[in-house]
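User: I should like to learn how features of a protein model are read, beginning with charged side chains. Could you take me through them in turn?

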Amino acid sequence: MTTLYQSAYDLAERATIGILKKGRIPRHVGFILDGNRRFARKAGAESTKFGHYEGFKQLQHVRDWIEAVTVYAFSIENFRRSQDEVEYLMDLFRKVFSSFCEKNELIDTYEICVHFCGNLDYLPPDIAELARRVMERTQHYKTRIFNICCPYTSRDEITTAIRENVRLVQEKKIAIEDITEASVQNQLSTSSSPPLDILVRTSGEVRLSDFLLWQANEGCQIQFVECYWPEFSLWKFLPILLEYQIFGSYSARKETAEL
């Protein structure tokens, strides 16, 4: 019965995606993966580690039909959590990043370029090396982009981008007058990705928590979803995508009418 249910579920998912593709599909979606610890408590687990484990499993289901996906996997501020929790997360990163270094069916089938956004120097050296190996192994893929923000804050990203512009001036590669909004944007971690179309935060919290603050501009649809990240699915995503398609169609008609 379980196999039959799963087959019917997969069929319904594929049919829904097929219908969605008839309309406007976002090219770049960002996710704040919030609620793992609360999910563990809700499930009656003895440790919040269960929530993090389920959260990482859910990453495997991030939609592969979207051109670019950016996930907030670990904030620089998360190092302030308990040593036990941080060490557990680092072990999870070791396992996940190692699997990306090896032949990975999902990555290789969909030709996903994996990119790490953030300051890898904050990570234990072996994990930072794994992240660099993943980027090197997948850099030739051009079909999809998977940005993993770890460890990351938007303030650190913007500061780094400005610092890079200053360095270029000091090396006389650009003039100070050349520092513009575009020159800063070109140095952001997501510069190789399309503009951000949708930003989703799970858990019902209404805040951005220092994630993609530059990228979440006027053209970005921001959605706060009343479910924990391990519970997120296509059916939770569907109303967001439909709103995006309706709003996009309305905006396009409005722009055309104003011409």
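Analyst: A salt bridge is counted when a side-chain nitrogen of Lys or Arg lies within 4 Å of a carboxyl oxygen of Asp or Glu. Please bear in mind that this is a predicted model. By this rule the count comes to 16 salt bridges. In one of them Asp-210 pairs with Arg-155, with the closest N and O atoms 2.5 Å apart. Asp-210 lies in the loop between β5 and β6 and Arg-155 in helix α7, so this pair ties together parts that are 55 residues apart in sequence.

User: Is Asp-210 buried or exposed, and is Arg-155 buried or exposed?

Analyst: Buried means under 20% relative accessible area, and exposed means over 50%. Asp-210 is buried because its relative accessibility is 13%, whereas Arg-155, at 52%, counts as exposed.

User: Which salt bridge has both of its residues in helix α4?

Analyst: In general, side chains of opposite charge can pair when their charged atoms come close. Here, Asp-91 and Arg-94 both belong to helix α4 (residues 83-101) and are three residues apart, about one turn of the helix. Their side chains meet at 2.8 Å, N to O. Asp-91 is partly exposed at 37%, and Arg-94 is partly exposed at 27%. A further salt bridge joins Glu-171 to Arg-167 at 2.7 Å, N to O. Glu-171 has a relative accessible area of 40% and is partly exposed; Arg-167, at 30%, is also partly exposed.

User: Which residues do salt bridges with shared partners join into one network?

Analyst: That network consists of Asp-34, Arg-38, Arg-201, Glu-205 and Arg-207.

User: Let us turn to the sheet. In what order do the six strands lie?

Analyst: Strands of a sheet pair through backbone hydrogen bonds, either parallel or antiparallel. In this model six strands form an open sheet with parallel pairing, in the order β3-β4-β2-β1-β5-β6. The edges are held by β3 (112-117) and β6 (221-224); each has a single partner strand, so one side of each is left without a neighbour in the sheet. On average, neighbouring strands are turned by 15 degrees against each other, direction ignored.

User: How many bridges join β1 to β2, and how many join β1 to β5?

Analyst: Strand β1 (residues 28-32) is joined to β2 (residues 68-72) by five bridges, with Val-29 opposite Val-69. Four bridges join β1 to β5, where Phe-31 has Val-200 as its bridge partner. Another four bridges link β5 to β6, and there Ile-198 stands opposite Gln-221.

User: Which way do the side chains of β5 point?

Analyst: In a regular strand the side chains alternate between the two faces of the sheet. In β5 (residues 198-201), Ile-198 and Val-200 point one way, Leu-199 and Arg-201 point the other way, and all are buried.

User: Which residues make a nonpolar patch on the surface?

Analyst: A patch of this kind is built from residues with over 30% relative accessible area and no salt bridge. Ile-162, Val-166, Ile-176 and Ile-179 make a nonpolar surface patch of about 320 Å². Ile-179 lies in the loop between α7 (154-170) and α8 (181-185) and is partly exposed at 32%. Ile-176 is found in the loop between α7 and α8 and counts as exposed at 58%. Ile-176 and Val-166 are ten residues apart in sequence and 7.9 Å apart in space, C-alpha to C-alpha.

Key:
Residues are numbered from 1 along each chain as its sequence is written. This is a predicted model: local features need pLDDT of at least 70, side-chain atom pairs count only at pLDDT 80 or more; totals for chains, interfaces and linings use all residues. Side-chain values use heavy atoms; hydrogens and water are left out. Two strands pair if DSSP finds at least two bridges between them. Helices (H or I, at least four residues) and strands (E, at least two) are DSSP runs, numbered from the N terminus. Axes are lines fitted to C-alpha atoms, for helices over the stretch in contact, and angles run from 0 to 180 degrees between N-to-C directions. Patches are made of residues with over 30% relative accessible area and no salt bridge: like charges are joined within 9 Å, nonpolar side chains (Val, Leu, Ile, Met, Phe, Trp, Tyr) within 5 Å. Accessible areas come from the Shrake-Rupley method with a 1.4 Å probe; for residues, only the protein chains shown count as cover. Buried means under 20% relative accessible area, exposed over 50%, partly exposed in between (1.4 Å probe, protein chains only).
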